[in-house]
Amino acid sequence: MKVSYHGHSVVKIETNGTNIFIDPFITGNGMTDLKADDTKADVILLTHGHNDHVGDTIDIAKRNDALVVAPFELGTYLGWQGLNVHQMHIGGTFEFGFGKVKLTQAFHGSSYTEEENKRIIYTGMPAGILFSAEGKTIYHAGDTGLFSDMKLIGEQNDIDLAFLPIGDNFTMGPEDALIAAKWLGAKQVVPIHYNTFPVIEQDPEAFANKVSSGKGLVLKAGEELELV
């Protein structure tokens, strides 16, 4: 299984011949190495409805005939846009041909902003994602503050790789993310959701160096690691 990071909260997973993107915010993302028009995806997994996470989902999914997996209300909205959607909700698990997806809770908001109409659309509760395939488990926390059930997530799952937001202001900051890393007990921890905007500027290397449970690892945009 190959996993790569592409700025903000964008993660790509290649497994079982399937290209999977989590939260493909590309257009307007100054931290990414990707171009939306060139992005090929078989599956898109979404944590919540904010524009910097839904990103280019509609265009990418239509161009690639990709399956979109999303929390129920967000999935309903995207289905109305003509996408092939599988709706889920927090605590639920589904075994797909490419791997197993479980949605965890996340403490944040979830809405999609249609700027041209000056309209904000409620898209249900936000989520984190546990993805398992090839005997490996990845946890993408989405946008969230620290919450004590991360201990339970760590106890119930043997997490090989965790992606945790560190930007502060909208999500956990580095200090709380370090606590989350300890509770989760992941073998490797990668910081996400930082430096895209001035208000979430952080030092990812300083965070990674302080991870005491598992290995803290900073991935540059486009950098890949392999889970074996």
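**Cores, aromatic contacts and sheet arrangement**

In this predicted model, the largest nonpolar core comprises 51 residues, and those with the most contacts inside it are Val3, Ile13, Leu45, Val101, Phe131, Tyr139 and Leu164. Strand β11, spanning residues 127-133, supplies the largest share of this core, namely five residues. A second core, separate from the former and made up of 22 residues, includes Val10, Phe21, Tyr77 and Leu83. In soluble globular proteins, nonpolar side chains tend to be buried together.

The surroundings of Val3 can be described residue by residue. When its neighbours within four places in sequence are left aside, Val3 is in contact with Val11, Lys12 and Ile13, with Ile138, with Leu161 and Phe163, and with Glu223, Glu224, Leu225 and Leu227.

Confidence was examined for the chain and for its elements. The mean pLDDT of the protein chain is 98, and 100% of its residues reach 70 or more. Among the elements of the chain, the lowest mean pLDDT, 96, belongs to strand β9 (residues 111-114), whereas the highest, 99, belongs to strand β4 (residues 43-45).

Five aromatic pairs are present in the structure. One of them is the stacked pair of Phe98 and Phe131, for which the centre-to-centre distance is 6.3 Å and the angle between the planes is 20°. This pair links distant parts of the chain, since Phe98 lies in the loop between β7 (93-96) and β8 (99-105) while Phe131 lies in strand β11, 33 residues apart. Both Phe98 and Phe131 are buried, and together with Phe94 and Phe96 these two residues form one aromatic cluster. Phe131 is thus named both in this cluster and among the residues with the most contacts inside the largest nonpolar core.

The sheet that contains β11 is open and consists of seven strands, arranged in the order β7-β8-β11-β12-β13-β14-β15 with mixed pairing. Strands β7 and β15 (215-216) stand at the edges, each with a single partner strand, so that one side of each is left without a neighbour in the sheet. Strand β15 runs parallel to β14 (residues 188-192), to which it is joined by two bridges, and Val189 stands opposite Gly216 of β15. Helix α5 (residues 174-184) packs on the sheet, where it touches β12 (136-140), β13 (161-165) and β14, and the direction of this helix makes about 155° with that of β13.

Technical notes. Residues are numbered from 1 along each chain as its sequence is written. This is a predicted model: local features need pLDDT of at least 70, side-chain atom pairs count only at pLDDT 80 or more; totals for chains, interfaces and linings use all residues. Side-chain values use heavy atoms; hydrogens and water are left out. A nonpolar core is a set of buried Ala, Val, Leu, Ile, Met, Phe, Trp, Tyr and Cys residues joined through side-chain atoms within 4.5 Å. Buried means under 20% relative accessible area, exposed over 50%, partly exposed in between (1.4 Å probe, protein chains only). Helices (H or I, at least four residues) and strands (E, at least two) are DSSP runs, numbered from the N terminus. Contact means heavy atoms within 4.5 Å. pLDDT is the predictor's confidence in each residue, from 0 to 100. Rings of Phe, Tyr and Trp (its six-membered ring) pair if their centres lie within 6.5 Å; planes under 30 degrees apart count as stacked, over 60 as edge-to-face and the rest as tilted. Two strands pair if DSSP finds at least two bridges between them. Axes are lines fitted to C-alpha atoms, for helices over the stretch in contact, and angles run from 0 to 180 degrees between N-to-C directions.
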